[in-house]
Amino acid sequence: MDSRISARALASALGGWRTREPAYEALADGIRLLCLDNRVAPRTTLPAERELAAVLHLSRSTVAAAYRSLRETGHIASLRGSGSVTLPLGRREPGRAVAFDGMIDLQQASPPAWPGLAGVMAEVAATAPALVARVGYDVLGRIELRRAIAERYTRRGIPTEPGEVLVTTGAQSAIHLIASVLIGRGDRVLVETPTYPHAVDALRRAGARLVGVPVTTDDGWDLDRAEQAFARTLPVMAYLMPDFQNPTGRSMTSREREALLLAGERAGSVLVLDETTADLDIDRPPLAAGFDRSEPGTVVRIGSLGKTVWGGLRVGWVRAEGDLIRRLVAARPAHDLGTPEFEQAVATNLVERFEDVIGQRAALLGEGRDALVGVVRERLPTWRVPEVHGGVSLWIELDAPLSSGLVMAARAEGVLLSAGARFSIEGGHDRHLRVPFTAPPADLVRAIDVLAGSWTTVRAGAPAGVVERAGAVV
Ligand SMILES: Cc1ncc(COP(=O)(O)O)c(C=O)c1O
(Lines give C-alpha, C1' and ligand atoms only; values in the text may rest on other atoms or scores of the structure.)
Protein backbone atom coordinates (compact mmCIF):
# COMPACT_ATOMS: atom_id res chain seq x y z
CA MET A 1 0.00 0.00 0.00
CA ASP A 2 1.48 3.38 -1.03
CA SER A 3 -1.24 5.88 -0.12
CA ARG A 4 -4.77 6.21 1.08
CA ILE A 5 -7.75 8.23 -0.12
CA SER A 6 -10.24 9.61 2.40
CA ALA A 7 -13.97 9.00 2.07
CA ARG A 8 -14.52 12.70 1.47
CA ALA A 9 -11.86 12.93 -1.27
CA LEU A 10 -13.20 9.79 -2.96
CA ALA A 11 -16.77 11.12 -2.86
CA SER A 12 -15.61 14.41 -4.37
CA ALA A 13 -13.64 12.65 -7.13
CA LEU A 14 -16.62 10.38 -7.87
CA GLY A 15 -18.89 13.35 -8.60
CA GLY A 16 -22.16 12.21 -10.22
CA TRP A 17 -21.44 8.50 -9.96
CA ARG A 18 -25.09 7.39 -9.79
CA THR A 19 -25.38 6.64 -13.48
CA ARG A 20 -27.24 3.33 -13.38
CA GLU A 21 -29.11 0.79 -11.28
CA PRO A 22 -28.31 -1.01 -9.08
CA ALA A 23 -26.50 1.66 -7.07
CA TYR A 24 -23.67 -0.66 -6.01
CA GLU A 25 -22.72 -1.34 -9.66
CA ALA A 26 -22.84 2.38 -10.46
CA LEU A 27 -20.54 3.05 -7.50
CA ALA A 28 -18.17 0.27 -8.56
CA ASP A 29 -18.12 1.73 -12.10
CA GLY A 30 -17.32 5.18 -10.72
CA ILE A 31 -14.32 3.78 -8.81
CA ARG A 32 -13.23 1.76 -11.87
CA LEU A 33 -13.23 4.93 -13.96
CA LEU A 34 -11.11 6.75 -11.37
CA CYS A 35 -8.61 3.87 -11.53
CA LEU A 36 -8.63 3.85 -15.34
CA ASP A 37 -8.04 7.62 -15.46
CA ASN A 38 -5.23 7.19 -12.90
CA ARG A 39 -7.00 9.60 -10.56
CA VAL A 40 -6.80 6.87 -7.97
CA ALA A 41 -3.36 5.33 -8.35
CA PRO A 42 -2.65 1.59 -8.00
CA ARG A 43 -1.96 0.48 -4.41
CA THR A 44 -4.17 3.15 -2.87
CA THR A 45 -6.16 2.13 0.17
CA LEU A 46 -9.86 2.91 -0.24
CA PRO A 47 -11.88 4.20 2.71
CA ALA A 48 -13.50 1.70 5.05
CA GLU A 49 -16.99 0.67 3.91
CA ARG A 50 -18.65 2.36 6.87
CA GLU A 51 -16.90 5.71 6.26
CA LEU A 52 -17.67 5.79 2.55
CA ALA A 53 -21.29 4.79 3.20
CA ALA A 54 -21.68 7.69 5.65
CA VAL A 55 -20.25 10.29 3.24
CA LEU A 56 -22.27 9.05 0.26
CA HIS A 57 -25.46 8.58 2.35
CA LEU A 58 -25.68 4.91 1.40
CA SER A 59 -26.16 1.76 3.40
CA ARG A 60 -22.99 -0.05 4.32
CA SER A 61 -24.22 -3.12 2.41
CA THR A 62 -24.32 -1.07 -0.84
CA VAL A 63 -20.67 -0.07 -0.42
CA ALA A 64 -19.78 -3.65 0.56
CA ALA A 65 -21.47 -4.90 -2.63
CA ALA A 66 -19.57 -2.31 -4.73
CA TYR A 67 -16.24 -3.41 -3.22
CA ARG A 68 -17.21 -7.05 -3.85
CA SER A 69 -17.88 -6.21 -7.51
CA LEU A 70 -14.48 -4.44 -7.73
CA ARG A 71 -12.78 -7.50 -6.23
CA GLU A 72 -14.48 -9.75 -8.77
CA THR A 73 -13.23 -7.63 -11.70
CA GLY A 74 -9.70 -7.49 -10.28
CA HIS A 75 -9.68 -3.76 -9.53
CA ILE A 76 -9.11 -4.09 -5.79
CA ALA A 77 -7.93 -6.65 -3.27
CA SER A 78 -9.22 -6.69 0.29
CA LEU A 79 -6.71 -7.84 2.86
CA ARG A 80 -7.43 -8.46 6.49
CA GLY A 81 -5.92 -5.63 8.47
CA SER A 82 -5.06 -3.48 5.40
CA GLY A 83 -8.49 -2.69 4.02
CA SER A 84 -9.33 -2.57 0.31
CA VAL A 85 -6.43 -1.64 -1.95
CA THR A 86 -6.54 -0.77 -5.67
CA LEU A 87 -4.53 -3.04 -7.97
CA PRO A 88 -2.46 -2.22 -11.08
CA LEU A 89 -4.70 -2.44 -14.16
CA GLY A 90 -4.68 -5.79 -15.93
CA ARG A 91 -3.40 -6.13 -19.48
CA ARG A 92 -6.86 -6.92 -20.83
CA GLU A 93 -8.48 -3.98 -19.14
CA PRO A 94 -10.38 -2.06 -21.85
CA GLY A 95 -9.65 1.28 -20.22
CA ARG A 96 -5.87 1.03 -20.24
CA ALA A 97 -4.30 4.16 -21.62
CA VAL A 98 -2.73 2.10 -24.42
CA ALA A 99 -5.36 1.39 -27.07
CA PHE A 100 -5.44 -2.05 -28.69
CA ASP A 101 -5.95 -2.70 -32.40
CA GLY A 102 -9.33 -1.54 -33.61
CA MET A 103 -9.92 0.73 -30.64
CA ILE A 104 -10.38 4.46 -31.13
CA ASP A 105 -8.42 6.40 -28.54
CA LEU A 106 -9.85 9.87 -27.93
CA GLN A 107 -8.41 10.27 -24.44
CA GLN A 108 -5.64 12.50 -25.78
CA ALA A 109 -6.42 15.43 -27.99
CA SER A 110 -3.26 15.32 -30.09
CA PRO A 111 -3.08 15.79 -33.85
CA PRO A 112 -0.76 13.55 -35.89
CA ALA A 113 2.74 14.86 -36.61
CA TRP A 114 3.07 17.78 -39.02
CA PRO A 115 3.75 16.08 -42.41
CA GLY A 116 7.06 17.92 -42.99
CA LEU A 117 8.52 16.83 -39.67
CA ALA A 118 10.27 13.66 -40.85
CA GLY A 119 12.03 15.68 -43.58
CA VAL A 120 13.24 18.28 -41.06
CA MET A 121 14.50 15.49 -38.79
CA ALA A 122 16.46 14.00 -41.71
CA GLU A 123 18.01 17.42 -42.48
CA VAL A 124 19.02 17.83 -38.85
CA ALA A 125 20.39 14.28 -38.69
CA ALA A 126 22.79 15.27 -41.48
CA THR A 127 24.33 17.80 -39.07
CA ALA A 128 24.86 15.18 -36.34
CA PRO A 129 28.68 15.61 -36.13
CA ALA A 130 28.24 19.30 -35.21
CA LEU A 131 25.45 18.48 -32.77
CA VAL A 132 27.39 15.87 -30.84
CA ALA A 133 30.33 18.26 -30.56
CA ARG A 134 28.23 20.34 -28.16
CA VAL A 135 28.34 19.88 -24.39
CA GLY A 136 24.83 18.42 -24.39
CA TYR A 137 23.54 19.46 -20.97
CA ASP A 138 21.48 22.51 -21.82
CA VAL A 139 19.23 23.75 -19.01
CA LEU A 140 18.53 27.13 -20.64
CA GLY A 141 18.08 26.26 -24.32
CA ARG A 142 20.26 26.90 -27.38
CA ILE A 143 20.52 30.52 -28.38
CA GLU A 144 19.30 29.98 -31.97
CA LEU A 145 16.03 28.51 -30.70
CA ARG A 146 15.52 31.11 -27.98
CA ARG A 147 16.16 33.82 -30.56
CA ALA A 148 13.61 32.31 -32.99
CA ILE A 149 11.00 32.03 -30.20
CA ALA A 150 11.69 35.60 -29.03
CA GLU A 151 11.31 36.89 -32.60
CA ARG A 152 7.96 35.16 -32.94
CA TYR A 153 6.68 36.76 -29.71
CA THR A 154 7.91 40.14 -30.92
CA ARG A 155 6.01 39.66 -34.20
CA ARG A 156 2.88 38.89 -32.13
CA GLY A 157 3.23 42.28 -30.43
CA ILE A 158 5.01 40.99 -27.30
CA PRO A 159 8.56 42.40 -27.52
CA THR A 160 10.89 39.68 -26.24
CA GLU A 161 14.63 39.16 -25.84
CA PRO A 162 16.24 35.69 -26.01
CA GLY A 163 17.17 36.14 -22.32
CA GLU A 164 13.46 36.06 -21.50
CA VAL A 165 13.01 32.57 -22.95
CA LEU A 166 13.76 29.19 -21.33
CA VAL A 167 13.40 26.02 -23.44
CA THR A 168 11.84 23.02 -21.68
CA THR A 169 10.93 19.44 -22.52
CA GLY A 170 7.34 20.38 -23.38
CA ALA A 171 4.75 22.63 -21.78
CA GLN A 172 4.00 20.06 -19.05
CA SER A 173 7.56 20.26 -17.84
CA ALA A 174 7.31 24.08 -17.91
CA ILE A 175 4.13 24.01 -15.77
CA HIS A 176 5.78 21.67 -13.30
CA LEU A 177 8.94 23.75 -13.05
CA ILE A 178 7.05 27.04 -12.63
CA ALA A 179 4.80 25.48 -10.00
CA SER A 180 7.75 24.16 -8.03
CA VAL A 181 9.41 27.60 -8.02
CA LEU A 182 6.38 29.84 -7.41
CA ILE A 183 4.18 27.76 -5.12
CA GLY A 184 4.70 26.92 -1.46
CA ARG A 185 2.68 24.31 0.43
CA GLY A 186 -0.85 25.55 1.07
CA ASP A 187 -0.63 28.52 -1.33
CA ARG A 188 -3.76 29.38 -3.28
CA VAL A 189 -3.69 28.99 -7.05
CA LEU A 190 -6.55 30.12 -9.24
CA VAL A 191 -7.47 27.79 -12.11
CA GLU A 192 -10.27 27.62 -14.64
CA THR A 193 -12.83 24.90 -14.28
CA PRO A 194 -12.99 22.84 -16.41
CA THR A 195 -9.25 22.84 -17.01
CA TYR A 196 -6.33 20.81 -18.32
CA PRO A 197 -6.00 17.94 -15.82
CA HIS A 198 -2.23 17.40 -15.90
CA ALA A 199 -1.70 21.04 -14.91
CA VAL A 200 -3.96 20.41 -11.90
CA ASP A 201 -1.87 17.35 -11.00
CA ALA A 202 1.36 19.40 -11.17
CA LEU A 203 -0.08 22.31 -9.16
CA ARG A 204 -1.42 19.97 -6.47
CA ARG A 205 1.90 18.16 -6.21
CA ALA A 206 3.58 21.51 -5.61
CA GLY A 207 1.22 21.93 -2.64
CA ALA A 208 -1.33 24.32 -4.17
CA ARG A 209 -4.84 24.77 -2.84
CA LEU A 210 -6.89 25.33 -5.96
CA VAL A 211 -9.57 27.97 -6.39
CA GLY A 212 -11.83 27.35 -9.39
CA VAL A 213 -13.24 29.97 -11.74
CA PRO A 214 -15.91 28.70 -14.15
CA VAL A 215 -15.50 28.88 -17.91
CA THR A 216 -18.41 27.90 -20.13
CA THR A 217 -18.68 27.38 -23.86
CA ASP A 218 -21.53 29.93 -24.08
CA ASP A 219 -20.45 32.69 -21.70
CA GLY A 220 -16.68 32.32 -21.39
CA TRP A 221 -14.93 33.32 -18.15
CA ASP A 222 -17.07 34.18 -15.12
CA LEU A 223 -15.46 37.55 -14.44
CA ASP A 224 -17.46 38.28 -11.27
CA ARG A 225 -16.32 35.04 -9.73
CA ALA A 226 -12.77 35.59 -10.94
CA GLU A 227 -12.54 39.11 -9.51
CA GLN A 228 -13.96 37.95 -6.19
CA ALA A 229 -11.63 34.95 -6.07
CA PHE A 230 -8.56 37.12 -6.76
CA ALA A 231 -9.59 39.70 -4.16
CA ARG A 232 -10.65 37.20 -1.48
CA THR A 233 -7.96 34.52 -1.76
CA LEU A 234 -4.98 36.54 -3.10
CA PRO A 235 -3.65 33.57 -5.08
CA VAL A 236 0.12 33.46 -5.61
CA MET A 237 -0.54 32.31 -9.13
CA ALA A 238 -3.33 31.87 -11.67
CA TYR A 239 -3.06 29.22 -14.38
CA LEU A 240 -5.07 30.32 -17.44
CA MET A 241 -5.51 29.29 -21.07
CA PRO A 242 -6.63 32.47 -22.89
CA ASP A 243 -6.76 30.95 -26.40
CA PHE A 244 -8.77 27.84 -27.31
CA GLN A 245 -8.99 26.81 -23.69
CA ASN A 246 -8.63 23.07 -23.14
CA PRO A 247 -11.29 21.57 -22.97
CA THR A 248 -13.93 24.23 -23.82
CA GLY A 249 -12.21 25.62 -26.95
CA ARG A 250 -13.26 29.09 -25.83
CA SER A 251 -10.97 32.15 -26.29
CA MET A 252 -10.98 35.13 -23.95
CA THR A 253 -12.40 38.36 -25.35
CA SER A 254 -10.23 41.49 -25.09
CA ARG A 255 -12.40 42.58 -22.15
CA GLU A 256 -11.83 39.28 -20.33
CA ARG A 257 -8.08 39.58 -20.88
CA GLU A 258 -8.03 43.11 -19.48
CA ALA A 259 -10.25 42.29 -16.48
CA LEU A 260 -8.24 39.21 -15.49
CA LEU A 261 -4.94 41.07 -15.86
CA LEU A 262 -6.20 43.90 -13.66
CA ALA A 263 -7.63 41.55 -11.02
CA GLY A 264 -4.38 39.53 -10.99
CA GLU A 265 -2.22 42.64 -10.66
CA ARG A 266 -4.34 43.97 -7.77
CA ALA A 267 -3.99 40.64 -5.96
CA GLY A 268 -0.23 40.48 -6.59
CA SER A 269 -0.64 37.16 -8.44
CA VAL A 270 1.57 35.81 -11.22
CA LEU A 271 -0.59 35.02 -14.24
CA VAL A 272 0.72 31.91 -15.99
CA LEU A 273 -0.76 31.81 -19.49
CA ASP A 274 -0.60 28.38 -21.11
CA GLU A 275 -0.53 29.03 -24.87
CA THR A 276 0.02 25.41 -25.94
CA THR A 277 -3.15 25.56 -28.03
CA ALA A 278 -3.02 29.28 -28.92
CA ASP A 279 -1.79 28.78 -32.49
CA LEU A 280 -4.45 26.19 -33.37
CA ASP A 281 -6.65 28.78 -35.02
CA ILE A 282 -9.11 27.38 -37.58
CA ASP A 283 -11.29 30.40 -38.41
CA ARG A 284 -11.30 32.80 -35.45
CA PRO A 285 -11.57 36.50 -36.22
CA PRO A 286 -8.29 38.37 -35.47
CA LEU A 287 -7.69 38.96 -31.74
CA ALA A 288 -4.78 40.72 -30.02
CA ALA A 289 -2.68 38.59 -27.63
CA GLY A 290 -3.64 40.90 -24.74
CA PHE A 291 -2.18 40.71 -21.22
CA ASP A 292 0.19 43.49 -22.23
CA ARG A 293 0.80 46.72 -20.31
CA SER A 294 1.29 44.57 -17.22
CA GLU A 295 3.53 45.28 -14.25
CA PRO A 296 6.92 43.57 -14.76
CA GLY A 297 6.77 40.02 -13.46
CA THR A 298 2.99 39.63 -13.57
CA VAL A 299 2.66 37.62 -16.78
CA VAL A 300 4.45 34.38 -17.64
CA ARG A 301 3.70 32.62 -20.93
CA ILE A 302 4.14 28.94 -21.72
CA GLY A 303 4.38 27.64 -25.29
CA SER A 304 4.92 24.25 -26.92
CA LEU A 305 5.33 22.47 -30.24
CA GLY A 306 3.37 19.51 -28.82
CA LYS A 307 0.10 20.24 -30.60
CA THR A 308 1.32 22.41 -33.45
CA VAL A 309 4.04 19.99 -34.61
CA TRP A 310 4.04 16.68 -32.71
CA GLY A 311 3.62 15.55 -29.09
CA GLY A 312 6.67 13.30 -29.47
CA LEU A 313 9.01 16.23 -30.09
CA ARG A 314 8.87 17.26 -26.40
CA VAL A 315 9.88 20.89 -26.88
CA GLY A 316 8.19 23.72 -25.03
CA TRP A 317 9.26 26.98 -23.43
CA VAL A 318 8.63 29.67 -20.85
CA ARG A 319 8.60 33.40 -21.64
CA ALA A 320 9.13 35.47 -18.49
CA GLU A 321 11.18 38.33 -17.05
CA GLY A 322 14.89 37.55 -16.90
CA ASP A 323 14.77 37.32 -13.12
CA LEU A 324 12.22 34.49 -13.09
CA ILE A 325 14.07 32.75 -15.94
CA ARG A 326 17.18 32.71 -13.73
CA ARG A 327 15.22 31.24 -10.81
CA LEU A 328 13.76 28.55 -13.08
CA VAL A 329 17.20 27.68 -14.45
CA ALA A 330 18.56 27.39 -10.92
CA ALA A 331 15.71 25.04 -9.88
CA ARG A 332 15.66 22.97 -13.04
CA PRO A 333 18.45 20.44 -12.43
CA ALA A 334 16.32 18.82 -9.70
CA HIS A 335 13.77 17.99 -12.45
CA ASP A 336 15.91 17.36 -15.51
CA LEU A 337 19.25 18.36 -16.94
CA GLY A 338 18.10 20.09 -20.07
CA THR A 339 16.33 19.73 -23.40
CA PRO A 340 17.86 17.27 -25.90
CA GLU A 341 20.10 18.87 -28.54
CA PHE A 342 18.59 17.04 -31.51
CA GLU A 343 15.04 18.08 -30.64
CA GLN A 344 16.16 21.67 -30.10
CA ALA A 345 17.81 21.77 -33.52
CA VAL A 346 14.62 20.41 -35.11
CA ALA A 347 12.52 22.93 -33.17
CA THR A 348 14.73 25.84 -34.30
CA ASN A 349 14.15 24.91 -37.92
CA LEU A 350 10.36 24.63 -37.32
CA VAL A 351 9.89 27.87 -35.37
CA GLU A 352 11.66 29.69 -38.22
CA ARG A 353 8.99 28.40 -40.69
CA PHE A 354 6.09 28.39 -38.27
CA GLU A 355 3.52 29.98 -40.58
CA ASP A 356 3.69 26.94 -42.94
CA VAL A 357 3.22 24.60 -39.99
CA ILE A 358 0.17 26.29 -38.54
CA GLY A 359 -1.45 26.71 -41.96
CA GLN A 360 -1.51 22.91 -42.32
CA ARG A 361 -2.85 22.51 -38.75
CA ALA A 362 -5.75 24.90 -39.43
CA ALA A 363 -6.80 22.81 -42.45
CA LEU A 364 -6.48 19.48 -40.60
CA LEU A 365 -8.30 20.63 -37.47
CA GLY A 366 -10.99 22.38 -39.51
CA GLU A 367 -11.74 19.11 -41.30
CA GLY A 368 -11.91 17.19 -38.02
CA ARG A 369 -14.09 19.80 -36.33
CA ASP A 370 -16.58 19.97 -39.22
CA ALA A 371 -16.83 16.18 -39.44
CA LEU A 372 -17.39 15.86 -35.69
CA VAL A 373 -19.94 18.67 -35.44
CA GLY A 374 -21.86 17.22 -38.39
CA VAL A 375 -22.03 13.66 -37.11
CA VAL A 376 -22.90 14.62 -33.51
CA ARG A 377 -25.73 16.89 -34.68
CA GLU A 378 -27.06 14.10 -36.88
CA ARG A 379 -26.70 11.10 -34.53
CA LEU A 380 -27.18 12.78 -31.14
CA PRO A 381 -29.46 15.78 -31.70
CA THR A 382 -30.23 16.14 -27.96
CA TRP A 383 -26.57 17.02 -27.24
CA ARG A 384 -25.53 20.67 -27.34
CA VAL A 385 -22.54 21.21 -29.59
CA PRO A 386 -20.63 24.48 -28.97
CA GLU A 387 -19.31 26.70 -31.73
CA VAL A 388 -15.51 26.57 -31.67
CA HIS A 389 -13.04 28.32 -33.94
CA GLY A 390 -9.90 26.43 -33.05
CA GLY A 391 -8.17 24.23 -30.49
CA VAL A 392 -8.43 20.48 -30.31
CA SER A 393 -11.80 19.48 -28.89
CA LEU A 394 -15.51 20.03 -28.44
CA TRP A 395 -16.84 20.32 -24.89
CA ILE A 396 -20.25 18.83 -25.56
CA GLU A 397 -23.18 19.26 -23.20
CA LEU A 398 -25.13 16.01 -22.77
CA ASP A 399 -28.84 15.96 -21.99
CA ALA A 400 -28.24 14.11 -18.70
CA PRO A 401 -25.37 14.12 -16.16
CA LEU A 402 -24.16 10.68 -17.21
CA SER A 403 -20.75 11.38 -18.71
CA SER A 404 -18.94 8.80 -16.56
CA GLY A 405 -21.48 6.07 -17.30
CA LEU A 406 -21.22 6.84 -21.01
CA VAL A 407 -17.42 6.68 -20.95
CA MET A 408 -17.52 3.28 -19.22
CA ALA A 409 -20.06 1.94 -21.73
CA ALA A 410 -18.10 3.28 -24.72
CA ARG A 411 -14.84 1.76 -23.41
CA ALA A 412 -16.45 -1.64 -23.51
CA GLU A 413 -17.20 -0.98 -27.21
CA GLY A 414 -13.62 0.06 -28.00
CA VAL A 415 -13.92 3.87 -27.85
CA LEU A 416 -11.72 5.48 -25.20
CA LEU A 417 -12.67 8.93 -23.91
CA SER A 418 -12.22 10.96 -20.73
CA ALA A 419 -15.37 11.80 -18.78
CA GLY A 420 -16.27 15.41 -17.93
CA ALA A 421 -15.20 14.97 -14.30
CA ARG A 422 -11.59 14.42 -15.41
CA PHE A 423 -11.45 18.15 -16.24
CA SER A 424 -12.90 19.39 -12.97
CA ILE A 425 -10.99 20.32 -9.85
CA GLU A 426 -13.47 19.17 -7.26
CA GLY A 427 -16.00 16.91 -8.97
CA GLY A 428 -18.76 17.91 -11.34
CA HIS A 429 -18.94 18.40 -15.10
CA ASP A 430 -20.89 15.14 -15.29
CA ARG A 431 -23.09 16.71 -17.95
CA HIS A 432 -20.10 17.28 -20.26
CA LEU A 433 -17.93 15.15 -22.48
CA ARG A 434 -14.72 16.26 -24.17
CA VAL A 435 -14.48 14.88 -27.69
CA PRO A 436 -11.23 15.74 -29.50
CA PHE A 437 -11.41 16.43 -33.24
CA THR A 438 -7.76 15.57 -33.79
CA ALA A 439 -8.47 12.00 -35.02
CA PRO A 440 -9.16 11.17 -38.69
CA PRO A 441 -12.78 12.05 -39.67
CA ALA A 442 -13.61 8.38 -40.38
CA ASP A 443 -12.63 7.45 -36.79
CA LEU A 444 -14.69 10.34 -35.43
CA VAL A 445 -17.77 9.14 -37.32
CA ARG A 446 -17.25 5.57 -36.07
CA ALA A 447 -16.73 6.79 -32.49
CA ILE A 448 -19.94 8.84 -32.54
CA ASP A 449 -21.84 5.83 -33.90
CA VAL A 450 -20.66 3.88 -30.86
CA LEU A 451 -21.50 6.76 -28.51
CA ALA A 452 -25.01 7.04 -29.95
CA GLY A 453 -25.65 3.35 -29.21
CA SER A 454 -24.07 3.56 -25.75
CA TRP A 455 -26.03 6.72 -24.89
CA THR A 456 -29.36 4.97 -25.49
CA THR A 457 -28.31 2.14 -23.17
CA VAL A 458 -26.84 4.42 -20.49
CA ARG A 459 -29.91 6.67 -20.42
CA ALA A 460 -32.25 3.70 -20.27
CA GLY A 461 -30.31 2.21 -17.34
CA ALA A 462 -30.03 5.46 -15.33
CA PRO A 463 -32.09 5.97 -12.17
CA ALA A 464 -35.32 7.74 -13.20
CA GLY A 465 -34.58 10.88 -11.15
CA VAL A 466 -31.25 11.51 -12.89
CA VAL A 467 -32.66 11.57 -16.39
CA GLU A 468 -35.92 13.37 -15.56
CA ARG A 469 -34.24 16.02 -13.44
CA ALA A 470 -31.84 16.57 -16.30
CA GLY A 471 -34.74 17.01 -18.72
CA ALA A 472 -36.27 19.70 -16.52
CA VAL A 473 -33.04 21.64 -16.24
CA VAL A 474 -32.17 21.71 -19.97
C1 LIG B 1 -3.28 23.15 -22.32
C2 LIG B 1 -2.12 22.20 -22.39
N3 LIG B 1 -0.98 22.51 -21.73
C4 LIG B 1 0.06 21.69 -21.76
C5 LIG B 1 0.02 20.49 -22.44
C6 LIG B 1 1.23 19.62 -22.43
O7 LIG B 1 2.01 19.92 -23.54
P8 LIG B 1 3.40 19.25 -23.88
O9 LIG B 1 3.10 18.07 -24.73
O10 LIG B 1 4.15 20.31 -24.61
O11 LIG B 1 4.04 18.88 -22.60
C12 LIG B 1 -1.13 20.13 -23.13
C13 LIG B 1 -1.18 18.86 -23.82
O14 LIG B 1 -2.22 18.26 -23.95
C15 LIG B 1 -2.24 21.01 -23.09
O16 LIG B 1 -3.37 20.71 -23.73
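Here are questions and answers on the ligand site and the salt bridges of a predicted model.

Biologist: Which residue has a side-chain N or O atom 2.6 Å from a nitrogen atom of the ligand?
Modeller: Start with the shell around the ligand, which includes Tyr239, Asp274 and Arg314. A polar contact needs N or O atoms within 3.5 Å, so a 2.6 Å pair qualifies. The side chain that supplies the N or O atom belongs to aspartate 274.

Biologist: How much of the ligand's area does the protein bury?
Modeller: Taken alone, the ligand exposes 400 Å². Of that area, the protein buries 91%.

Biologist: What is the distance from the backbone of alanine 171 to an oxygen atom of the ligand?
Modeller: Backbone atoms of the shell also reach ligand oxygen. A polar backbone atom of glutamine 172 is 2.9 Å from an oxygen atom of the ligand. For a backbone N or O atom of alanine 171, the distance is 2.7 Å.

Biologist: How many residues of the shell are charged?
Modeller: Asp, Glu, Lys and Arg count as charged, so Asp274, Lys307 and Arg314 belong in that class. The shell also holds four nonpolar and five polar residues. The charged ones number three.

Biologist: Is arginine 257, in its salt bridge with aspartate 243, buried or exposed?
Modeller: The two side chains meet at 3.0 Å, N to O. Aspartate 243 lies in the loop between strand 10 and helix 11, and arginine 257 in helix 11. Aspartate 243 has a relative accessible area of 5%, which means buried. Arginine 257 is at 1%, under the 20% cut-off, so it counts as buried.

Biologist: Which residue forms a salt bridge with glutamate 275?
Modeller: Glutamate 275 sits in the loop between strand 11 and strand 12, and its partner is in strand 12, 26 residues apart. Glutamate 275 is buried at 5% relative accessibility. The partner is buried too, at 3%. The closest N and O atoms are 2.8 Å apart, and the partner is arginine 301.

Biologist: Why does glutamate 123, the partner of arginine 353, count as partly exposed?
Modeller: The closest N and O atoms of this pair are 4.0 Å apart. The pair links the loop between helix 13 and helix 14 to helix 5, 230 residues apart. Arginine 353 is partly exposed at 28%. Partly exposed means between 20% and 50%, so glutamate 123 fits because its relative accessible area is 44%.

Biologist: How many salt bridges are there?
Modeller: The pair of glutamate 123 and arginine 353 is one of them. The count comes to 22.

Terms used:
Residues numbered from 1 in each chain as written. Predicted model: local features only at pLDDT ≥ 70, side-chain atom pairs only at ≥ 80, totals over all residues. Heavy atoms only, no water. Near = heavy atom within 4 Å. Polar contact = N/O pair within 3.5 Å; in protein donor to acceptor, adjacent residues only side chain to side chain. Areas by Shrake-Rupley, 256 points an atom, 1.4 Å probe, with all protein chains shown as cover. Helix = DSSP H or I, 4+ residues; strand = E, 2+ residues; numbered from the N terminus. Buried < 20%, exposed > 50% of the residue type's maximum accessible area, 1.4 Å probe, protein only.
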